[in-house]
Amino acid sequence: MSVQALRAGAFAVWMRNFWAWRRYYRSSLLLNFGEPITNLLALGLGLGAYVARMDGMSFFQFIAPGLLSVTAMNAVTFDAGFETYDKLNSNGVYQAMITSPLTVPQILAGEYLWEMCRSLLYGAIFFLFVAAFGLVHSWWALLLPVPLALTGILFTAPALWVAARARTHEQLFYYFTLVITPMFMISGVFFPVHTLPAALATFVRFLPLYHTVQLSRELLLGQIGLPVLINLLWLLGYALVLVWVPRRAFEQRLVA
Amino acid sequence: MSDVVVAQGLTKRYGALEAVKGISFTIPQGLCVGFLGPNGAGKSSTIRMISCLSPITSGTLTVFGEAAGISRSQIKARIGVVAQEDTLDPDLSLIENLLIYARYFGISPHRATGRAEELLAFMQLADRKRDQVRELSGGMRRRLVIARALMHRPELLILDEPTTGLDPQARLLVWESLRQLKGEGVTILLTTHYMEEASRLSDTALVIDHGRILAAGTPLDLIEREVGAEAMEIAQPQADDAALLDHLGAAVRRHDRQGELLVVYAANSGDLTARVAELAVRPRQLLIRPTHLEDVFLTLTGRGLRE
């Protein structure tokens with residue numbers, strides 16, 4: 001398939017999601033910000049009052065970029081998980097798409113494009129919030145769209161795969177509670193990873209969220225150096241591998 | 001006249017299950033072909049392969065002269081599909097459902113808007129166009145699905161049980177619109193459980209069961225060939241069937257037990273009437289009626305429930 005055809009198809013799928021989102025964006029915004037902003041304020045200001053310094057900065061400052069990454073991750077994970085499950089099982093949205101000239105790669109490309117946009121939008125709003133508290137210290141923060149866009153592939157791909165494989169809604173929750181939540185707790189959002197036992201710290205360095213959190217923190221604070229490049233390469237590598245993951249599961253559901 | 005669809009030795013297997021067992025048929029341009037068969041007969045598998053939604057296992061299948069396959073977007077662009085399940089987009093309004101579907105086909109928004117208005121009027125849905133799909137009745141949803149399948153002016157329209165669950169009025173409206181489309185030269189492939197629908201709409205009917213084509217022809221041909229023009233329904237205990245059939249002899253071409261009724265299809269209806277008149281004890285109830293496609297269907301596919 002030509003790149004042009006892929007792009008045209010992806011844009012049509014993106015448009016469908018956008019039209020649907022227009023109908024419920026108020027509740028979507030509310031749901032996606034209630035929790036992370038509560039976390040930021042309660043933990044950053046409340047708990048933060050009892051934490052002297054963390055890696056040379058205030059606790060509030062430390063957790064802000066991590067929560068930004070997590071907000072974006074959750075925004076795409078829950079949307080890609082639940083919406084895709086519904087599009088495959090409760091309504092015929094994908095079935096209708098597949099009877100048109102659209103193919104599975106075009107549909108997936110459209111979902112990635114859409115989730116990238118969601119990640120950017122929800123990340124940007126959270127960023128404004130963080131900026132209002134004076135937690136942005138560098139113009140390098142303008143490059144935050146890079147980890148946010150990558151989030152739209154890194155966490156969309158596994159969620160799409162899980163949604164295509166899940167037989168029930170409950171099975172989606174296994175993924176959220178057994179994979180996403182633990183990753184959120186240990187990936188360096190709330191404390192530096194080097195404080196973990198060595199084996200666990202090594203494991204965490206293989207998680208994609210660890211690298212989006214690190215990269216976001218480095219950009220927000222202007223700590224530009226080799227680690228930025230290493231985090232970026234990890235993320236690009238993950239994205240290149242993960243992007244293919246849902247294809248076969250989708251083909252088994254839509255064109256068997 | 002050219003053939004829009006040509007299948008030869010077409011087979012579909014899902015693991016150990018062979019859903020379609022080497023069938024061959026053609027769908028000529030401009031005609032309406034009906035696929036008749038019980039649930040699980042292989043109809044849906046066949047139309048999914050024609051729609052390029054399912055890879056073929058073996059045999060050949062060409063649509064518009066090209067080999068069908070799941071990546072054949074150029075074939076899909078010329079086919080309109082009305083699936084058995086409701087595949088409307090529940091998050092969008094009626095008009096948005098049509099416009100977004102046109103996007104999937106790469107139709108420009110300007111052209112799509114005109115076409116959508118035209119089709120909503122054609123399907124008598126124009127006054128509901130801004131409503132949410134979930135507010136529509138079953139008949140309206142069905143009409144909207146058909147309107148959507150026509151957005152890109154398909155040359156082949158494939159309908160999988162288009163009127164299942166509709167009331168008689170809604171069904172008539174769907175039939176009328178299908179006839180009109182046929183008049184415009186659209187080739188139609190239809191699956192249905194309703195024999196009346198098949199007789200009214202299809203030029204050719206294929207009776208399919210257990211993955212094979214049992215009979216094919218115009219509805220009238222099929223009736224003539226399989227059951228003849230007239231049937232006699234006789235209410236009597238099943239135990240008496242053998243004796244009665246023996247007496248009726250060559251006047252009967254085929255017979256069939258339907259619950260408390262014995263249905264005999266006449267080889268020669270005059271002869272049959274005469275022989276019944278000779279009976280010493282007349283059956284409790286006796287009715288001579290014209291045959292219809294349902295007789296063909298039940299005779300060929302049997303009476304056992306499938307699900």
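In the predicted model, B:Leu157 stands opposite B:Ile188 in strand 8 of chain B. B:Leu157 belongs to strand 7, residues 156-160, and strands 7 and 8 of chain B pair in parallel. Five bridges hold this pairing. Between the two strands the chain passes through helix 6, residues 168-183. The resulting β-α-β crossover is right-handed.

Strand 8 of chain B also pairs with strand 3 of chain B, residues 32-36. Here too the strands run parallel, joined by five bridges. B:Ile188 again marks the register: B:Cys32 stands opposite this residue. B:Ile188 thus faces B:Cys32 in one pairing and B:Leu157 in the other.

Strand 8 of chain B spans residues 187-192, and six of its six residues are buried. The strand is therefore largely enclosed by the rest of the structure. A residue counts as buried when 20 or more other C-beta atoms lie within 10 Å of its own. Burial extends to both faces of the strand. On one side lie B:Thr187, B:Leu189 and B:Thr191. On the other lie B:Ile188, B:Leu190 and B:Thr192.

Chain B also touches chain A. The contact draws 25 residues from chain B and 21 residues from chain A. On the chain B side, helix 2 (73-76) and helix 3 (94-104) each supply at least two residues. Helix 3 of chain B gives the most, with five residues. By class, this side of chain B comprises 12 nonpolar, six polar and seven charged residues.

Chain A has 11 helices and zero strands. From the N terminus on, its elements therefore read as an unbroken α series, α-α-α-α-α-α-α-α-α-α-α. The C-alpha trace of chain A spans about 60 × 40 × 35 Å along its principal axes. For 256 residues, a compact globule would have a radius of gyration near 18 Å. The value for chain A is 19 Å, which agrees. Of the 256 residues of chain A, 45% count as buried. Among contacts in chain A with a separation of 6 or more, 79% join residues 24 or more positions apart.

Definitions and conventions:
Residues are numbered from 1 along each chain as its sequence is written. Chains are lettered from A and ligands numbered from 1 in the order in which they are written. This is a predicted model: local features need pLDDT of at least 70, side-chain atom pairs count only at pLDDT 80 or more; totals for chains, interfaces and linings use all residues. A residue is buried if 20 or more other C-beta atoms lie within 10 Å of its own, exposed if 12 or fewer, and partly exposed in between; C-beta atoms are placed from the backbone. Helices (H or I, at least four residues) and strands (E, at least two) are DSSP runs, numbered from the N terminus. Two strands pair if DSSP finds at least two bridges between them. A crossover is right-handed if, with the strands pointing away from the viewer, the path from the first strand over the helix to the second runs clockwise. Two residues are in contact if their C-beta atoms, placed from the backbone, lie within 7 Å. Ala, Val, Leu, Ile, Met, Phe, Trp, Tyr, Cys and Pro count as nonpolar, Asp, Glu, Lys and Arg as charged, and the others, Gly among them, as polar. The radius of gyration is taken over C-alpha atoms; the globule rule is 2.2 Å times the number of residues to the power 0.38.
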